[in-house]
Amino acid sequence: MTIFLILAPYGAFAFLMLVTSATVSLFSAVAICLAVIAFDVARGRSVKILGVGSVITFAAVGLYVSLVEPTAGTPAVKFAVDVGILLVTLLSIAIRRPFTLQYAQEAVDAEIAKLPGFLTANYLITWAWAGAALLMMAGNIAMLYVPSLPLWSGLLIAFAARNSAIYFTKWYPQYCKAKSGVLPANALPGIN
């Protein structure tokens with residue numbers, strides 16, 4: 001469910017960009033981000049760097065589109081959002097709090113979070129998401145400068161980049177566990 005909540009604003013934004021204006025799409029994404037933050041707070045979880053960064057990104061691009069460039073095309077708006085998310089991702093790395101760390105710490109036992117490779121794994125996973133953002137930016141640049149490309153090609157690039165990052169996010173921790181032989185305490189329910 002966590003990955004759904006993380007991706008819900010982006011999925012809604014991408015879908016709405018197909019059927020309505022950029023301004024409606026961007027501010028709808030802001031509302032969904034705020035709802036996800038409220039849901040996390042209501043469940044006693046922390047406010048996430050990615051959630052706050054997403055609100056700022058969608059709101060900033062939304063204000064720019066509505067006040068400065070109302071005729072901005074879909075690829076340009078998506079590119080601006082991807083740039084914002086890349087900046088949030090890189091900032092989280094720069095401040096030594098990769099954005100995936102907050103999600104991971106809430107999903108594993110405290111003993112697992114203290115393992116030496118836990119932080120390193122989160123840096124690598126966050127870098128994978130930065131790579132996905134770069135790929136999505138490249139797809140949007142292609143859509144901007146080669147307007148004859150079909151719409152599905154940009155969607156395909158975004159889908160492939162995002163799904164690759166999701167796969168890596170799920171696969172890498174399992175790989176680390178298998179490689180190190182460390183099995184988390186709750187890996188086999190009912191057996192202690």
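**Exercise 1. Determine which salt bridges E106 forms in this predicted model, and where the partners lie.**

Solution. Begin with R45: E106 forms a salt bridge with R45, and the closest N and O atoms are 3.8 Å apart. A salt bridge requires a distance within 4 Å, so this pair qualifies. Next, place the two residues in the chain. E106 belongs to helix α5, whereas R45 lies in the loop between α2 and α3; the two are 61 residues apart, so that the pair links distant parts of the chain.

Turn then to K48. The side chains of E106 and K48 also meet in a salt bridge, at 2.9 Å from N to O. K48 lies in the loop between α2 and α3, 58 residues apart from E106.

Finally, compare accessibility. Buried means under 20% relative accessible area. E106, at 26%, counts as partly exposed, and R45, at 31%, is partly exposed. K48, at 4%, is buried.

**Exercise 2. Identify the network of salt bridges to which D40 and R43 belong.**

Solution. First, consider the pair itself: D40 forms a salt bridge with R43, with the closest N and O atoms 3.3 Å apart. D40 is buried, with a relative accessible area of 8%, while R43 is partly exposed at 36%. Second, add the residues of the previous exercise: D40, R43, R45, K48 and E106 are linked in a network of salt bridges. The structure's count comes to four salt bridges.

**Exercise 3. Describe the aromatic pairs that involve Y172.**

Solution. The structure holds seven aromatic pairs. One of them joins W171 and Y172: the pair is tilted, 6.1 Å centre to centre, with 55° between the planes. Another joins Y172 and Y175, likewise tilted, at 6.0 Å and 35°. Y172 and Y175 both lie in helix α8, three residues apart, about one turn of the helix. As to accessibility, Y172 counts as buried at 14%, W171 is partly exposed at 35%, and Y175 is partly exposed at 34%. The cluster can now be assembled: F168, W171, Y172 and Y175 form one aromatic cluster.

**Exercise 4. State which helix gives the most residues to the largest nonpolar core, and describe the contacts of F58.**

Solution. The core has 31 residues, and F58 is among those that touch the most other members, as are F13, L26 and V81. Helices that each supply at least two residues include α1, α3 and α8. The greatest contribution comes from α2, with six residues. Leaving aside residues up to four places away in sequence, F58 touches P9, Y10, F13, L26, A29, V30, C33 and V81.

Note on methods:
Residues are numbered from 1 along each chain as its sequence is written. This is a predicted model: local features need pLDDT of at least 70, side-chain atom pairs count only at pLDDT 80 or more; totals for chains, interfaces and linings use all residues. Side-chain values use heavy atoms; hydrogens and water are left out. A nonpolar core is a set of buried Ala, Val, Leu, Ile, Met, Phe, Trp, Tyr and Cys residues joined through side-chain atoms within 4.5 Å. Buried means under 20% relative accessible area, exposed over 50%, partly exposed in between (1.4 Å probe, protein chains only). Helices (H or I, at least four residues) and strands (E, at least two) are DSSP runs, numbered from the N terminus. Contact means heavy atoms within 4.5 Å. Rings of Phe, Tyr and Trp (its six-membered ring) pair if their centres lie within 6.5 Å; planes under 30 degrees apart count as stacked, over 60 as edge-to-face and the rest as tilted.
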